Amino acid sequence: ALARQVASASEYGIFSANAAQLHAICLGATKEPDVRSVDIFDAQGRLLAREGVPVGRYPVLGVRESSAHDASSDLDTLVQPVHSSQIELDTLFEAPAQSQPQTEQLLGHVVLVMSRQSLVALEQSMLSLGFFITLGGLLAGALVAFLIARGVIQPIQRISRQVERLEGGELGF
């Protein structure tokens with residue numbers, strides 16, 4: 001979602017070659033948690049703006065969005081194409097235009113490199129919390145089972161002792 005937002009925000013900056021605006025967009029994106037670097041390229045693959053330290057190689061810049069995961073460093077590289085948006089103007093006094101399929105012009109690409117470290121830490125904390133909750137449930141279940149068993153067994157043992165006394169000839173209670 002962040003890559004799509006950056007791509008949408010950088011459309012005019014790429015179109016107008018406004019490096020200051022593109023740099024501000026990159027700077028804002030790198031303030032998000034886990035974002036390591038943001039690069040904006042034009043349609044020919046020339047770097048227009050960069051913020052952060054680029055890590056590794058980028059996948060081939062194509063027309064479609066893509067992503068790549070580097071298992072050795074827990075980094076995800078997201079590539080989002082930037083297309084020109086078409087706004088149809090419709091005036092009150094003109095006849096409605098026939099809707100014709102419009103081709104979007106590729107303006108460039110946004111490459112976002114994100115870390116998975118916080119996700120891995122969150123996953124580990126959730127697993128350990130789940131383990132302790134399960135362990136607590138097992139202990140509570142064992143305690144309840146012990147108390148229920150004791151409540152059932154004690155009256156049976158009392159009756160058993162009474163029967164033994166009766167068998168032994170002890171008739172007084």
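**Exercise 1. Find A49 and work out whether A49 is buried or exposed.**

Start with the address: A49 sits in strand β2, which covers residues 47-52. Keep in mind that you're looking at a predicted model.

Next, check the accessibility. A49 comes out at 5% relative accessibility, and buried means under 20%, so A49 counts as buried.

Now look at who surrounds A49. Skipping neighbours within four places in sequence, A49 is in contact with L22, H23, C26, V38, D39 and I40. Two of those partners, V38 and I40, turn up again in Exercise 4.

Finally, pick a distance to try in your viewer: from A49 to A20 it's 8.4 Å, C-alpha to C-alpha, with their positions 29 residues apart in sequence.

**Exercise 2. Describe how helices α1 and α3 pack.**

Begin with what you need: a pair of packed helices is described by the angle between the axes and the distance between them.

Here, α1 (residues 2-9) and α3 (residues 19-30) pack at about 165°, and their axes are 10 Å apart. Anything over 145 degrees counts as roughly antiparallel, so that's the label for α1 against α3. As for handedness, α1 passes α3 in a right-handed crossing.

Then ask which residues make the contact. From α1 you get L2, V6 and A9, and from α3 you get Q21, I25 and A29. Sort them by character and you have 5 nonpolar, 1 polar and no charged.

**Exercise 3. Take Q21 from that contact and say where Q21 lies and how accessible it is.**

Q21 lies in helix α3. Its relative accessibility is 28%, so Q21 counts as partly exposed.

Away from neighbours within four places in sequence, Q21 is in contact with A9, Y12 and G13. For a distance check, Q21 and S10 are 7.9 Å apart, C-alpha to C-alpha, and 11 residues apart in sequence.

**Exercise 4. Work out which residues touch the most other members of the largest nonpolar core, and which elements supply it.**

A bit of background first: in soluble globular proteins, nonpolar side chains tend to be buried together.

In this chain, the largest nonpolar core has 17 residues. The ones touching the most other members are V6, I14, V38, I40, V82, V110 and L112. As for suppliers, α1, α3, β1 (35-42) and β5 (106-115) each give at least two residues.

Zoom in on V6: leaving out neighbours within four places in sequence, V6 is in contact with I25, A29, V38 and V110.

**Exercise 5. Say what stands out about the backbone of D34.**

Here's the rule of thumb: most residues other than glycine have a negative phi.

Now the case at hand: D34 is not a glycine, yet its phi is positive, about 70°. You'll find D34 in the loop between α3 and β1. With 23% relative accessibility, D34 counts as partly exposed.

**Exercise 6. Step back and outline the whole chain.**

Count the elements and you get 4 helices and 5 strands. In sequence order, they run α-α-α-β-β-β-β-β-α.

Then look at burial: 22% of the 173 residues count as buried. One of the strand residues to check is V79 in β4 (residues 75-83), which counts as buried at 2% relative accessibility. V79 and V113 are 8.9 Å apart, C-alpha to C-alpha, and 34 residues apart in sequence.

Last, consider contact range: among contacts with a separation of 6 or more, 58% come from residues 24 or more positions apart.

Technical notes. Residues numbered from 1 in each chain as written. Predicted model: local features only at pLDDT ≥ 70, side-chain atom pairs only at ≥ 80, totals over all residues. Heavy atoms only, no water. Axes fitted to C-alpha atoms, helices over the stretch in contact; angles between N-to-C directions. Parallel < 35°, antiparallel > 145°, perpendicular 65-115°, else oblique. Left-handed = near helix turned anticlockwise from the far one by under 90°. Contact = heavy atoms within 4.5 Å. Nonpolar A, V, L, I, M, F, W, Y, C, P; charged D, E, K, R; others polar. Core = buried A, V, L, I, M, F, W, Y, C linked by side-chain atoms within 4.5 Å. Buried < 20%, exposed > 50% of the residue type's maximum accessible area, 1.4 Å probe, protein only.
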